[in-house]
Amino acid sequence: MFYSFLKINLCYVILHLFTYGFFVDFANASLGDSFPSYKLCVKTCRDKACDRDGYNFKRNNSTFPNNIFDLRWRCSDDCQYECMWYVVDSFAAKGWPPPQFHGKWPFVRWLGLQEPASVIFSLMNLAVHLVMLHQFRSRVRPGGPMYKLWSFYFVVCANAWIWSAIFHSRDLPFTECMDYLSAFCMVFYSLYGMVMRMLIGAPFMISLLVTLVFLSFLLNHAAYLILDQLDYHYNMTANIVIGFISAACSAIWCILNWRRHSHSRNLALCLTWGILTTLLEISDFPPIAWTFDAHALWHLSTTPVPYFFWSFVIEDCKYLRKAYMKER
């Protein structure tokens, strides 16, 4: 009965998510796209270069000789892109700082990628997870305590970084929602993993109850974001709160086990580095060379974090297996 109910709700959530992704098109208004010269430029460009629907280019159109048709860019999207640089140049000529457009800084496309640096750095984080997963599987025997939990942690992290790369390649309502949800799942599962580590040795029913509480909260969070308009403030608040609790749990575990377990230093390094990198995430400045903004540099700065965390996980799983074998 429970599984049937869960399947029905998951199907409904997935159906609503696809509907949301393909039929909702919104953008945050910013200084750049509110300028009359920008609006006039986009209108003129669309009338000259695009079909009536704004999706396709007119036949024999030469307005965009260097246009790349990757990632399903519409004609109206290219008009906005060209007019964005027209406004940026006019601002620069007057000595004004560059404005944002539709909630984003201006970025130069590489091979059709909207934010190329963030795409590359997201894939770098994924690559570090892949390397460390190989280390984990080669050094930790299957069947030991926490082995399956941390194996699934890789799946959650890989999913998050893949969607991060997709979202930064092409910002659409669907890719944005998936990026936000996947990132939250990674933060949330990190907390779940640490809580389960702290409950090692506890009765099975307690671990099961904690797991059900975590699962219920995650499904409720996902349904709220998907079935309602994406609430940026709520999602950011939830990430901050969960991240803070996860960091607190990790810090407590490190303090309690600092002398007992030398691998707690890897977790402490992961925690310290992760906190320091948030300084970039909360920063905001125009992209360097129209490519490297604070968010992209934050993605770059997080690449060592998986190394420290997986180093902790590997040594901790080896320790737990030895302790388990001694008890037997």
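Helices and strands are DSSP runs, helices of at least four residues and strands of at least two, numbered from the N terminus.

**Figure 1. Overall fold of the predicted model.** The protein has 12 helices and zero strands. From the N terminus on, the elements therefore run as an unbroken series of α, written α-α-α-α-α-α-α-α-α-α-α-α. Of its 328 residues, 44% count as buried. About 18,700 Å² is exposed, and carbon and sulfur atoms supply 66% of this area. Among contacts with a separation of 6 or more, 68% are between residues 24 or more positions apart.

**Figure 2. The largest nonpolar core.** This core has 44 residues, and those with the most contacts inside it are Phe 136, Trp 150, Phe 309, Trp 310 and Val 313. Helices α5 (116–139), α6 (147–169), α7 (173–198), α8 (204–227), α9, α10 (264–281) and α12 (304–327) each supply at least two of its residues. Helix α6 gives the largest share, 10 residues. Leaving out residues up to four places away in sequence, Phe 309 touches Trp 150, Tyr 153, Leu 267 and Cys 270. Another core, of 10 residues, lies apart from the largest one; Tyr 81, Cys 83, Met 84 and Val 88 are among its members.

**Figure 3. Aromatic pairs involving helix α7.** The protein has 28 aromatic pairs. In one of them, the ring centres of Trp 163 and Phe 174 are 5.7 Å apart and the planes meet at 85°, so the pair is edge-to-face. Trp 163 belongs to helix α6 and Phe 174 to helix α7, 11 residues apart. Trp 163 is buried at 16% relative accessibility, and Phe 174 is buried at 15%. The pair of Phe 188 and Phe 217 is stacked, with 5.5 Å centre to centre and 20° between the planes. Phe 188 lies in helix α7 and Phe 217 in helix α8, so this pair ties together parts 29 residues apart in sequence. Phe 188 is buried, with a relative accessible area of 6%, whereas Phe 217 counts as partly exposed at 36%.

**Figure 4. Helix α9, residues 232–257.** At 1.5 Å a residue, the 26 residues of this helix should span 38 Å, and the end C-alpha atoms are 37 Å apart, which agrees. At the start of α9, a side-chain oxygen of Asp 231 reaches to within 3.2 Å of the backbone nitrogen of His 233. The buried residues of the helix are Asn 235, Ala 238, Asn 239, Ile 242, Ser 246, Cys 249, Ser 250, Trp 253, Cys 254 and Asn 257.

Notes. Residues numbered from 1 in each chain as written. Predicted model: local features only at pLDDT ≥ 70, side-chain atom pairs only at ≥ 80, totals over all residues. Heavy atoms only, no water. Expected span 1.5 Å × (residues − 1). Buried < 20%, exposed > 50% of the residue type's maximum accessible area, 1.4 Å probe, protein only. Polar contact = N/O pair within 3.5 Å; in protein donor to acceptor, adjacent residues only side chain to side chain. Contact = heavy atoms within 4.5 Å. Areas by Shrake-Rupley, 256 points an atom, 1.4 Å probe, with all protein chains shown as cover. Core = buried A, V, L, I, M, F, W, Y, C linked by side-chain atoms within 4.5 Å. Phe/Tyr/Trp six-rings, centres within 6.5 Å; stacked < 30°, edge-to-face > 60°.
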